[in-house]
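Reader: Hi! I have a protein model open and I'm not sure where to begin. Could you walk me through it?

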Amino acid sequence: MSHEPENPSTAQASLIRITYNDKLTRQFVAASVVWGIVGMLVGFIAALQLAHHSANIAPYLTFGRLRPLHTNAVIFAFVGNMLFAGIYYSTQRLLKTRVASDLLGAVHFWGWQAIIVAAAITLPLGYTQGKEYAELEWPIDIAVTLIWVVFAINFFWTLAKRREKHLYVALWFYIATIVTVAMLYIVNNLAMPWSPLKSYSLFGGVQDALTQWWYGHNAVAFFLTTPVLGIMYYFLPKAAGRPVYSYRLSVIHFWALVFVYIWAGPHHLLYTALPEWAQTLGMVFSVMLWAPSWGGMLNGLLTLRGAWDKVRVDPVLKFFVAAVTFYGMATFEGPLLSIKSVNGLAHYTDWIVGHVHEGALGWNGFMAAGLFYWLVPRLYNTKLHSKAAADIHFWVGTVGILLYVISMWVGGITQGLMWRAVNDQGSLTYPNFVETLIAIRPMYWTRLVGGTMYLGGFCLMAWNLWRTARSGEATDGEAMVVDAVPAPDTVPWWRVAFGTPVVLTTIVVTIFMSIAVMSNVASMLFACIGLFVAVAGVIAVQLSSDDKGPSWHRLVEGRAVVFTVLTVLAVFVGGVAELIPSLVINREEARTVRTRPYTPLELEGRDIYIREGCYNCHSQMIRPMRAETMRYGEPSRLEESIFDHPFQWGSKRTGPDLAREGGRYPNLWHLRHLADPRSTSPGSNMPAYPHLATARVDLSATAGKLEAMRTVGVPYPAAQIGAASQIATAEANVIAEDLRANGARVAADSEAVALIAYLQRLGRMQGNPDTAAAVQAATPAH
């Protein structure tokens, strides 16, 4: 299959010259490079803070606040701008038309940059939803949605006015990205605003956990993977001067990937309080992902057949080949980590960090570098300033990635083994969590070296691209195209929309989904039936195909609306099947376990915990493993976090799990630990928070927070909401008096006291017994 679609057949054809809007591409390339440097520089600081605590130099620049800034800058600023650059450039050429609206393109560019600036300001200030990759607060979420709609309108409008009938494979992935990211982002960010920059997630506990990782995993799938695959399918053949290896493989790759990926989110929650069926579902589909992912990798690499000699001399192809290879590595490791036995060792460790950066630095970062080295000379009608510098960038970046990833592999496996090590007496070999941190500190320094090398190579690329642009002149691409509307379809749309593959797929999916509500014997029978229908259907489709007309998929490619609808259905089925059972969990039944909502002061403390980003380093989920129960207490249960909006199960343990922290240490220990973690935990890399002892909590606003929480389903009585300030004050006075009795004077309305109240509540479903009497006395009778 050629890497450009063929010209449409027309009754009357005349050639016209069109000029593409490449200004948009130039703007997005420049923004991607600048934000890439910013995001990686923040990552460098965060890595330094993990290696040595003294790098936490200010309250607004602690690891807990910078880590979300780093992830958002790299994902949405660096990769996001790169995606838009590649999409705008390739879409215009594939559709043989200029982008539909220059105005919408400009709104898209400047609106996206404004969102990034807003994130860069609010995240260090502590305004966060506390959900990974979804930290931005509700006004910014609305802005993201609106700008994404602008992008979607411009893209589909351009699609509607295309002069090329058939949609090339890159466009399939762009379509899947646009519709799926919109669905994911809107659902996961549903929240109840309390103030202009504070909200509470609509979902709580296990519901929020499943929704978040349905979004979090598929943000990786449909923001960091599918659009980059589309870019690969366009720019790799262009750079190699070769057609895509296999059209049929690209068809299988696309549909299998978009259908299977959406189901795999629960593998982030293995061994948690998530229902077992959801965990198993996530693991099975994650393992299945290996096949379509490697199908895409092989399709990319085999495209270079007959052109491998160019890889030695062309830095663009070097980056593309390495990127596709890293994609293969990451998509092999991902399914491996989703297997429960492997996940039990790797989860919460730095192994996961290495896996993530294998994809971010190797797949996304190197694809971006190859794209920029190919694009910029063409955007400025000149040659690349220095191929030698590009080659240096490649090798420095490659070594940097390897140092980073391998150090995290070693550190993560070491962590996992030390956490679960038990001696001959049956007790923990390393009972002090900090021992495991000290053991891997050399790996943190190695990671810092690797990341620094990668950042250095990226800065070298920025210099090279700048010099390239300076040597040329901004030029918009032009092309002579057939000025005609593609010939009308001869096959009715309904015969395409309800074609044999669609009907067979619907039957098979229905059969397999029905297994969930059947007995073991019936489920086995229906599984066999589903497998038989699938195999028989494939054979029937193959036997019925001939060379007299276009294939079913070729017909679908000519109908953008039908193709988009089928793509939406492919991802929607998995999303509904995964989320609906969790969202209808009977909350009243869970409440019979006597879980009480947080007191007003505990809720204030929880907000401080989220603001400071403590969830980045501490989990609140004890898995049912011997070593974990010995270290932290009995396994966490589903109902314990039902009133957590958002949930705080966490995904990384740089510090110990806090699910049963309440009552483990006295109030004074917590105060000293916040002021100077090394005074209570020698060797800890936790930032110090002495300012919490002097910062004040506005208890007059607490009632509004309880009201917002009641709106999302937390059963706060009206009387308790009305007396929230008095109740919080009474509880704070008890804690402050206890601290004073032990020689520490701190104001009762300080943030430190509120945070201590929250920490002392964790694991105590009935509340903190030390403050229960004061809370009860201050609470009006119902």
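Author: Happy to! Let's start with one term: a residue is called buried when its relative accessible area is under 20%. Keep in mind that this is a predicted model.

Reader: Okay, let me try that on Asn72. Is Asn72 buried or exposed?

Author: Asn72 has a relative accessible area of 5%, so with the cut-off of under 20% it counts as buried.

Reader: Where does Asn72 lie, and what is Asn72 in contact with?

Author: Asn72 is part of helix 2. If you skip the neighbours within four places in sequence, Asn72 is in contact with Ala77, Leu123, Glu135 and Leu136. You can also look at Ile116: it is 44 residues from Asn72 along the chain, and the two C-alpha atoms are separated by 8.3 Å.

Reader: Nice. What about Leu375, buried or exposed?

Author: Leu375 is buried, because its relative accessibility is 0%. You'll find Leu375 in helix 14.

Reader: And which residues is Leu375 in contact with?

Author: Setting aside neighbours within four places in sequence, Leu375 is in contact with Thr25, Val29, Tyr89 and Phe235. Val29 is worth a look, with 346 residues along the chain between the two positions and 8.8 Å separating their C-alpha atoms.

Reader: Let's switch to rings. How many aromatic pairs does the structure hold?

Author: There are 46 aromatic pairs in the structure. Take Trp172 and Phe254: the ring centres are 5.8 Å apart and the planes are at 65 degrees, so this pair is edge-to-face. Trp172 sits in helix 5 (residues 169-188) and Phe254 in helix 8 (residues 247-261), so the pair links distant parts of the chain, 82 residues apart.

Reader: Are Trp172 and Phe254 buried or exposed?

Author: Both Trp172 and Phe254 are buried.

Reader: Why is the pair of Phe366 and Phe394 called tilted?

Author: The centres of those two rings, Phe366 and Phe394, are 5.8 Å apart and their planes are at 35 degrees, so the pair is tilted. Planes under 30 degrees apart would count as stacked and over 60 as edge-to-face. Phe366 belongs to helix 14 (residues 350-379) and Phe394 to helix 15 (residues 387-420), so the pair ties together parts that are 28 residues apart in sequence. Phe366 and Phe394 are buried too.

Reader: Which residues form an aromatic cluster?

Author: One aromatic cluster includes Phe28, Phe76, Phe84, Tyr88, Trp110 and Trp148.

Reader: And which rings have a charged end sitting over them?

Author: I can show you two. The charged end of Arg378 sits over the ring of Trp374, 3.9 Å from the ring centre. Over the ring of Tyr380 sits the charged end of Arg26, 6.0 Å from the centre of that ring.

Reader: New topic: empty space. What volume does the second largest pocket have?

Author: Its volume is about 770 Å³. The second largest pocket is lined by 39 residues, and the closest to its centre are His618, Gly655, Pro656, Leu658 and His673.

Reader: Which helix gives the largest share of that lining?

Author: Helix 26 does, with 4 residues of the lining of the second largest pocket. Other elements that give two or more residues include helix 1 (23-51) and helix 31 (751-761). By type, the lining of this pocket divides into 20 nonpolar, 14 polar and 5 charged residues.

Reader: How many cavities of 30 Å³ or more are there?

Author: A search of the whole structure finds 7 of them. The second largest cavity has a volume of about 270 Å³. It is lined by 20 residues, with Tyr598, Glu640, Ser641, Asp644 and Gly763 nearest its centre.

Reader: Last one: which backbone spots should I look at?

Author: Try His645 and Pro646, which are joined by a cis peptide bond with omega about 5 degrees. Pro646 is in the loop between helix 25 and helix 26. Then look at Tyr348, which has a positive phi of about 75 degrees although it is not a glycine. Tyr348 is found in the loop between helix 13 (340-346) and helix 14.

Methods: Residues numbered from 1 in each chain as written. Predicted model: local features only at pLDDT ≥ 70, side-chain atom pairs only at ≥ 80, totals over all residues. Heavy atoms only, no water. Phe/Tyr/Trp six-rings, centres within 6.5 Å; stacked < 30°, edge-to-face > 60°. Buried < 20%, exposed > 50% of the residue type's maximum accessible area, 1.4 Å probe, protein only. Lys NZ or Arg CZ within 6 Å of the ring centre and 35° of its normal. 1 Å grid on protein atoms, 1.4 Å probe; cavity = no way out; pocket = protein on both sides within 12 Å on 5 of 7 lines; lining within 4 Å. Points joined across faces, edges and corners; volume = space filled by probe spheres on them. Nonpolar A, V, L, I, M, F, W, Y, C, P; charged D, E, K, R; others polar. Contact = heavy atoms within 4.5 Å.
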